[in-house]
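Biologist: I'd like to learn how to read a fold from its model. Could you walk me through one?

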Amino acid sequence: MTKDSIGENCGFEVHPLRGRVLAEVHARPFTPIDGLKRILHFAFMTDHDAAEKARAALAAFCLERAVPAPLPDAKQHRAMLSPAILRWEHHGEFTTYTWEFPQENSGDAKEIGAFRPPADDLAKVMRMLPQPGPLLVAVDLQILAEQQAGEKWRNLFSPSELVESEVMAGGAVVATDFYADAFGFVRLLVLNRTLTPIEMGALVQRLLEIETYRTLALLGLPMAQMLGPEIRRIETELPVLVQRFRESEGFLASRELLDRLTALAADLEASASKSLYRFGATKAYYELMTLRLAAIGESPAPNLSTFAAFLTRRVTPAIRTCASIEARQDNLSRKLSRAAQLLRTRVDIELESQNRDLLSNMNERSQLQLQLQTAVKGISIAAMTYYLAAILHLLFEGVHEEFPLLNATLATAIAVPVSFGFILWMMRRGRKAQTPDPKSFHDH
């Protein structure tokens, strides 16, 4: 019976993501680690395409050695490459390769030696696989029995930066200085006392995650340092623009200030969108690192820092710097938005005032044009009446030649008001014919 068929056998419709959700709880179980081991852990930054290529390369690598290959949609895979063991994992923005090598135990502590052979010699195996992306994390972790390590192992680390603590209720001692050695590896030494293989596997996985998440969390610091001067420039320029806003008047000045504010807001939003993911990831990785530090159960060694104390003192300021830059971005965004809104309001009011003045001027010009049209119409009526009366007078004089009783002058005088009324009637009729009927609009 498969996990996805449980609900079906009970007569229920199964959610399509139920299997993936159930499997996620068991996605990264602790792998038991027994005896003395040398572990090399690498983390490469990868996008989706690079991760897919890395999975395909790993599958080909495994098939060439007759070991099971990862499934097409697998997020992690463990390959038994005797005598080494490879654990591959794909995360959101990075991919990890963890190589586990047996450490021969001849019974003589002097022959075992910490971090020998050099990590670079062992890393040759890793180079058999193509590098999936830029290398970010490289850890050289060695597990020794405490009674075989003696006291000289502390000479492997910087005395001023040595971090040492008992973990897992005193079942082991872990030490590092968080410096990269000559081959670029951060060394972690685990001295086992009483831990069982499963406890050792849990401890090793948490230690590797602490170093991985610690490094990933600090990726936000360079971006915060890069954005700092830009944000400071905007913080300095904004009060100057606000002061100019208080002192300036007129549409052109307001429009110029609004354009400058808009440019500042665009610069800020560009930087904020660029850093949004990185700062969010920094916060998430820091929280994961803090959880892993709490899980190993540290107790301090005399006069030495624990992992939690050291990383809190060194990493927390960087995380707070990122949080401060993000908070300043949010605060600036709100201030720019308020200032731009005030300026837009002033510009809108000034535009409305200009529009009102423009409409008033247009109304005055319309009145003048109407008066001019009225005067022209009156002159036109008088002129047409004059010409019509002149034509009628000529007509009456011609008739007077045949009928002397007709007084041409009197007839013309009588025709003048009649002509005037006729012309006025004709003009009104023409104007009425050109005016649309309001009822026709209602009909349509």
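Modeller: Let's start at a turn. In the hairpin of β6 and β7, four residues lie between the strands, and Met 168 there has a positive phi near 55°. Helices (H or I, at least four residues) and strands (E, at least two) are DSSP runs, numbered from the N terminus. This is a predicted model: local features need pLDDT of at least 70, side-chain atom pairs count only at pLDDT 80 or more, and totals for chains, interfaces and linings use all residues. Residues are numbered from 1 along each chain as its sequence is written, and side-chain values use heavy atoms, leaving out hydrogens and water.

Biologist: How many bridges join β6 and β7, and in which sense do they pair?

Modeller: Strands of a sheet pair through backbone hydrogen bonds, either parallel or antiparallel. Two strands count as paired if DSSP finds at least two bridges between them. Here β6 and β7 are antiparallel, with five bridges, and Val 163 sits opposite Thr 176 in β7. β6 (residues 163–167) also pairs with β9, again antiparallel, over two bridges. There Glu 166 faces Ser 299, and Ser 165 stands opposite Pro 300.

Biologist: Where do those strands fit in the whole sheet?

Modeller: The open sheet has nine strands in the order β2-β3-β4-β1-β5-β8-β7-β6-β9, with mixed pairing. Its edge strands, β2 (76–81) and β9 (299–300), each pair on one side only.

Biologist: Is β6 mostly covered or uncovered?

Modeller: Mostly covered: four of its five residues are buried, meaning under 20% relative accessible area (exposed is over 50%, partly exposed in between; 1.4 Å probe, protein chains only).

Biologist: And which residues have the most contacts inside the largest nonpolar core?

Modeller: In soluble globular proteins, nonpolar side chains tend to be buried together. A nonpolar core is a set of buried Ala, Val, Leu, Ile, Met, Phe, Trp, Tyr and Cys residues joined through side-chain atoms within 4.5 Å. The largest one here has 38 residues, and Leu 141, Val 190, Leu 203 and Leu 207 have the most contacts inside it. Helix α7 (197–217) is among the elements that supply at least two residues, and its nine residues are the largest share. Leaving aside residues up to four places away in sequence, Leu 207 touches Leu 141, Val 174, Leu 188, Val 190, Ile 296 and Phe 307, where contact means heavy atoms within 4.5 Å.

Biologist: Why does Cys 62 count as buried?

Modeller: Because its relative accessibility is 0%. Cys 322 also counts as buried, because its value is 4%.
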